[in-house]
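Visitor: I should like a close look at a single part of this structure. Please take one element and describe its surroundings in a connected account.

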Amino acid sequence: MSTTGIHISLSAEPIAHLGDFAITNSMFTSLVVSLLLVAFALVVNRSLKKTEHPSGLQNFAEWLVESLFNLVYGVTGDLKKARLFFPIIATFFIFILLNNWLGLVPGVGTIMTPLSETVEKATQLESGAASPEKPASITQIEEAKLLETDIKAEETVLAKIKTGQPQELVPLFRAGTADLNTTLALGIISVISIQLYGYHFSKLGYFTKFFNFSSPMMFYVGLLELISEVSKVISFAFRLFGNIFAGEVLLVVISSLTGLIGPLPFYGLEIFVGFIQALVFAMLSLVLMNMASLGHEEH
Amino acid sequence: MSDAFAVAFVMGIGSIGPGLGIGLLVSKGLEAIGRNPEAASKIQTNMILGIAFAEAIAIYCLVVALILKFV
């Protein structure tokens, strides 16, 4: 962890527990984003009017959907395919975009809440039975030293519990895409849907791309294709996570260096990066889906 | 101490490739726009997509550097 007083955590921190299931701040923020999207969709749906000149909210929603559809149509060049790909691509784009931008809202990352420990861990700490197992090869002196530090650490924790002081504060909100779990999930969904669309268009023939026994060379190429599918997940996940998390770190560091209006240009940059990364994720999924749907003989 | 050097080297060496790549992309993109200004918007979109891919490699380095620094 950092020792400079800046709070930077590579992973999302738990803010609550449902039984053993930790709810992290990123999950919470993604949930907020999902609720916002659902609420927006419901409100727009209710106020839909059949008119030649839509205005206000309806105008915005129509513009959003239309421009995304045109993007999908521009890549596929086929109305049927565009209709098929449009929902998932638009969902990727809107969800990621809102997640990226929500991380820039003031209050995200600054409103703190106590770190939530699992119930088991807390009770273990209180009874003082939390000493971790040590490797057998350790010498006696080292063991004694470790025990000493363990006891000291436990004492401080116990003192904190007794005085009612929270152990550690963590941000209540954290951009959903600034957590590797979210981006990995999105990457897996994307790659699996690519395979499903490939199967949808060329049936079992699609899998001859991976398992081809016509010649040793083709078998080897298929193996490489299989690996490249796995690496797609990783590259999807790390590209999005890296960009958004790096942006957050950048903003934190610049804020701590200059303060006031110093980070302002970087906020502008992060808004741009958030948009570009959402676009890249959606576009790349779209292009790969389109390629999978073409079948391997045609291109 | 060695951690700090590792972080510095990861970022320093890791940014060379993407830097060159982005430079090439933009130079070719601008050349293409100069030759065919009507296609500017299309070229620009694809250029930015390409830049994002090249940048992603630098971002992988950044992730490695951040992991080294903070974990």
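Guide: The account below turns first to one helix of chain A, then to the chains around it.

The model is a predicted one, in which local features need pLDDT of at least 70, side-chain atom pairs count only at pLDDT 80 or more, and totals for chains, interfaces and linings use all residues. Residues are numbered from 1 along each chain as its sequence is written, while chains are lettered from A and ligands numbered from 1 in the order in which they are written.

The part chosen is helix 7 of chain A, residues 216-257. Helices here are DSSP runs of H or I with at least four residues, strands are runs of E with at least two, and both are numbered from the N terminus. Helix 7 has 42 residues and reaches 59 Å from its first C-alpha to its last, close to the expected 62 Å; the expected span is 1.5 Å times one less than the number of residues. After this helix comes A:Gly259, with a positive phi near 75°.

The buried residues of helix 7 include A:Phe236, A:Phe238, A:Arg239, A:Leu240, A:Asn243 and A:Gly247. A residue is called buried if 20 or more other C-beta atoms lie within 10 Å of its own, exposed if 12 or fewer, and partly exposed in between, with C-beta atoms placed from the backbone. Within chain A, the buried residues of helix 7 pack against helix 3 (79-102), helix 6 (180-202) and helix 8 (264-294), and they also pack against helix 3 (40-70) of chain B. Contact requires the C-beta atoms of two residues, placed from the backbone, to lie within 7 Å.

Chain A as a whole has eight helices and four strands, in the order β-β-α-α-α-β-α-α-β-α-α-α from the N terminus. Of its 299 residues, 24% are buried.

Chain B, the partner, has three helices and zero strands. Its radius of gyration, taken over C-alpha atoms, is 16 Å, well over the 11 Å that the globule rule gives for 71 residues, so chain B is more spread out than a compact globule; the rule is 2.2 Å times the number of residues to the power 0.38. Along the principal axes, its C-alpha atoms fill a box of roughly 55 × 15 × 10 Å. Buried residues make up 13% of chain B.

Where the two chains meet, 12 residues come from chain B and 14 residues from chain A. The chain B side consists of 12 nonpolar residues, with no polar and no charged ones. Ala, Val, Leu, Ile, Met, Phe, Trp, Tyr, Cys and Pro count as nonpolar, Asp, Glu, Lys and Arg as charged, and the others, Gly among them, as polar.
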